[in-house]
Amino acid sequence: MTPSPAAPADLVITGCTALLHADADGQVEFAEDASIAVRGGIIEAIGVGVELPYAVERIDARGQLAMPGLINCHTHAPMVALRGIAEDLPTEEWFNDVVWPIESNLTDIDVELGARLACAEMIRGGVTCFADHYFSMDTVAAVVEECGIRAHLGEAYFSSQGPGGRERSLEFALRHRGGADGRITTALAPHAPYTVDDADLAATAGLAREHGLPVHIHAAENRDQTDSSLARHGLTPIEVLARTGVLAGDLDVLIAHGTGIIERDLPVLERGGGRTAVATAPRGYLRFAWPTTTPVRALREIGVPVGLATDGAASNGSLDVWESMALTSLIQKSTEGDPRWLTSRQALHHATLQSARAVGLGERIGSLAPGRKADIILVDLTGPHTQPVHDLAATLVHSARASDVRTTIVDGRVLMRDRELLTLDVPGVVRELGERLPALVDRSHGRRIQEYDA
């Protein structure tokens, strides 16, 4: 065994059960009484009987499980400010009558407060990385840098904004790529094929190739969008992305939702030259009563990773990726009519490595192994709702809750310890946001930032 370096490690975790490995075929490896050593934001050693150096900080994690931090592969973090304001509405009314009129009121301060509250919720729920697609993203990036979480950020735009929208998305992506000591990665973020025209999509594809940037976009969100696209263009939204060059060549593309993906789309997705991935946020689909869900099984068969997501809290009600993991498993069983799919072990793979691949970080996060980033959560499994444990994977997916996360670590830095947030002031954020809500939610002006007509 290699001798310990003379310099102390930054962090040592002892006495935990560790989730070391999960794969799409349902193979999961757990190690009991494991230890983890972290140095410079990287896992230096992990396992049973590893030689542990002296450390600046130590955590006794007996009775807890260490696993890779969860990844929210598609959300609109500042929309927590709109949580519960547009309930029990079909998609078109949700957008046109409530959300897009309110979003025309957004200021940088509203976005900042929403991002702070969202990051607090995610850190407390064991989310160590999130992919955000929203407006005023310089503000979100500043919050990410300050609070210590990891993020994949894109400045959203519509064609109705003119060329300036696309240019701002590019400028943001270039300005913040590699920011926050490498915790920020960036993407171009056209909203969707029904709000971004073919010329802008083609220009986006060109800019992405020129600058080596991925693309994060909503597409085939629901079956109605697919049917409407077929009626108008003779092409599905996925085929529109291929025609405009977004799903072509070597571009990496993250598609949000994809519940409207149909069989003819699968060869198109399979032919995508870069990394094509889909983010699924099942709770919102249930709330909107969409008749289909993300075709996880079909996507898996063609090698497209499916990451777990929540979408924004305005449509989901929360930013709880634990719930997304359980719902993905349950809805897939129901949709496929097969209780053997999606298993708890497969769901863990979607929550960890597949989610990491979806946001382009599959070589850095998503598993606990030497050389990986130290994005680690400690989960308390001693509660009555998680006992007894007959199948640890099933306990994690179907019994554990976001509130069971005791400690959240990103890049080796402890952001929450024993449920105490260390980098965010939630009461102050809630107080200030409450003072701003009357102006934010006012719709008497009759404006909206865009029209939903998919």
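**Exercises on Arg 419 and helix α2**

Leaving aside neighbours within four places in sequence, Arg 419 is in contact (heavy atoms within 4.5 Å) with Arg 124, Ala 402, Ser 403, Val 405 and Arg 406. The model is predicted, with local features needing pLDDT of at least 70 and side-chain atom pairs counting only at pLDDT 80 or more, while totals for chains, interfaces and linings use all residues. Residues are numbered from 1 along each chain as its sequence is written, and side-chain values use heavy atoms, with hydrogens and water left out.

**Exercise 1.** Determine which backbone oxygens lie by the side chain of Arg 419.

*Solution.* Begin with the location of Arg 419, which is in the loop between β17 (413-417) and β18 (420-421). Next, take Arg 124, whose backbone oxygen lies 2.8 Å from a polar atom of the Arg 419 side chain. Finally, turn to Val 405, whose backbone oxygen the side chain of Arg 419 reaches at 2.7 Å.

**Exercise 2.** Describe the position of Ser 403, a contact of Arg 419.

*Solution.* First, place Ser 403 in the loop between α14 (392-398) and β16 (405-410). Then compare Ser 403 with Trp 322: they are 81 residues apart in sequence and 9.7 Å apart in space, C-alpha to C-alpha.

**Exercise 3.** Establish the length of helix α2 and what follows this helix.

*Solution.* Start with residues 108-124, the 17 residues of α2, which reach 24 Å from first C-alpha to last, close to the 24 Å expected at 1.5 Å a residue; the expected span is 1.5 Å times one less than the number of residues. Just after α2, Gly 126 takes a positive phi of about 80°.

Methods. Helix = DSSP H or I, 4+ residues; strand = E, 2+ residues; numbered from the N terminus. Polar contact = N/O pair within 3.5 Å; in protein donor to acceptor, adjacent residues only side chain to side chain.
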